[in-house]
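Q: Please take me on a close look at the part of this model where a helix end, some aromatic rings and the neighbouring sheet come together. I would enjoy one connected account that starts from a single residue and works outwards.

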Amino acid sequence: MTPAENRFEDYFAHLKQISLLGRLYKRYWASPILFWAARRFGKRIGEVGSGTGSGILGSFPGRVTGLEINPHAVAYCREKGLDAKLIGADGVLPVADHSFDVCVLDNVLEHIENPRAALDECLRVTTGSGGLVISVPGLRGFASDSDHKTFYSERELQHLHPEWECLRMFSTPFLFGSRYLSATVRQYCLVAIYKKKDR
């Protein structure tokens, strides 16, 4: 087994260890918020980094397409009847241009070493009036996973990409930002909503 295959298998096992409370929180609080934030842009929703389907892919089956780089997670989602597609090693999303009205990255961006390429791909696969919804962990959540690569504050999210305009930002589960909550509550996340800039 190659080192990459080992990493995929190990991280798949890590994803499956989410607690019952964590699953309930994702399904009945965080995922509905992200789903309805995405729906403002249209009905065709792609979840980039859909993992084991514990986010909006699993919470709204049949209404979301999952895109995931971990083959174990994709197989797991497909066994559950979810629409999940495998992202190749080159990072190119396995869908045609303008396939979605919006892309959602729920606790994904902080895992990516080169986020610019992923954000460029979201530009490619969304429509001209397309949107982007990103959720990233607070300080405590970021520190809880050794696979996290980059921490994003409000400032970094505001100026994330020159072709994505930040429309709104809020936090979950509290809907207001707080450094104290970011540092003490593992579930605390910042959510940013973007639209494509006019060209």
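**From one serine to the sheet**

A: S59 is buried, its relative accessible area being 16%; the term buried stands for under 20%, exposed for over 50% and partly exposed for what falls in between, with a 1.4 Å probe and protein chains only. Before we go further, a word on the ground rules: this is a predicted model, in which local features need pLDDT of at least 70 and side-chain atom pairs count only at pLDDT 80 or more, while totals for chains, interfaces and linings use all residues. Residues are numbered from 1 along each chain as its sequence is written, and side-chain values use heavy atoms, with hydrogens and water left out.

S59 belongs to helix α3, residues 56-59. Helices (H or I, at least four residues) and strands (E, at least two) are DSSP runs numbered from the N terminus. Setting aside neighbours within four places in sequence, S59 is in contact with K26, R27, S31 and S54, where contact means heavy atoms within 4.5 Å.

Now for the rings. The structure holds 3 aromatic pairs. Rings of Phe, Tyr and Trp (its six-membered ring) pair if their centres lie within 6.5 Å, and planes under 30 degrees apart count as stacked, over 60 as edge-to-face and the rest as tilted. F35 and W36 make an edge-to-face pair, 5.1 Å centre to centre with 85° between the planes. F35 has 0% relative accessibility and so counts as buried. Its ring and that of F60 have centres 3.8 Å apart and planes at 10°, so this pair is stacked. The stacked pair links distant parts of the chain, since F35 is in helix α2 (residues 20-39) and F60 is in the loop between α3 and β2, 25 residues apart. F60 is buried, as is F35. Together, F35, W36 and F60 form one aromatic cluster. A little further along the chain, the charged end of R40 sits over the ring of F41, 5.3 Å from its centre; for this, NZ of Lys or CZ of Arg must be within 6 Å of the ring centre and within 35 degrees of the ring normal.

From that loop we can step onto the sheet. It is open, with 7 strands in the order β3-β2-β1-β4-β5-β7-β6 and mixed pairing. The edges are β3 (84-86) and β6 (164-172), each with a single partner strand, so one side of each is left without a neighbour in the sheet. From one strand to the next the twist averages 20°. Two strands pair if DSSP finds at least two bridges between them. Strand β1 (residues 45-48) runs parallel to β2 (residues 64-68), and 4 bridges join them; T65 in β2 is the bridge partner of G46. Across β2 and β3 lies helix α4 (residues 71-79), at about 155° to β3, with axes as lines fitted to C-alpha atoms, for helices over the stretch in contact, and angles from 0 to 180 degrees between N-to-C directions.

At the other end of the strand order, β7 pairs on two sides. Its link to β5 is antiparallel, with 7 bridges, and L190 in β7 is the bridge partner of V136. Its link to β6 is antiparallel as well, with 8 bridges; there K195 partners E165. In β7, 7 of its 8 residues are buried. K196 is found in this strand and is buried, with a relative accessible area of 11%. Its C-alpha lies 6.4 Å from that of S129, although 67 residues separate the two in sequence.

Finally, the packing. A nonpolar core is a set of buried Ala, Val, Leu, Ile, Met, Phe, Trp, Tyr and Cys residues joined through side-chain atoms within 4.5 Å. The largest has 28 residues, of which C103, L105, L109, L132, I134, L157 and Y194 touch the most other members. The elements giving two or more residues to it are β4 (100-106), α5 (115-125), β5 (126-137), β6 and β7 (189-196). Of these, α5 gives the most, with 4 residues. A second, separate core of 21 residues includes F35, I45, I56 and V74, which brings us back to the stacked ring of F35.
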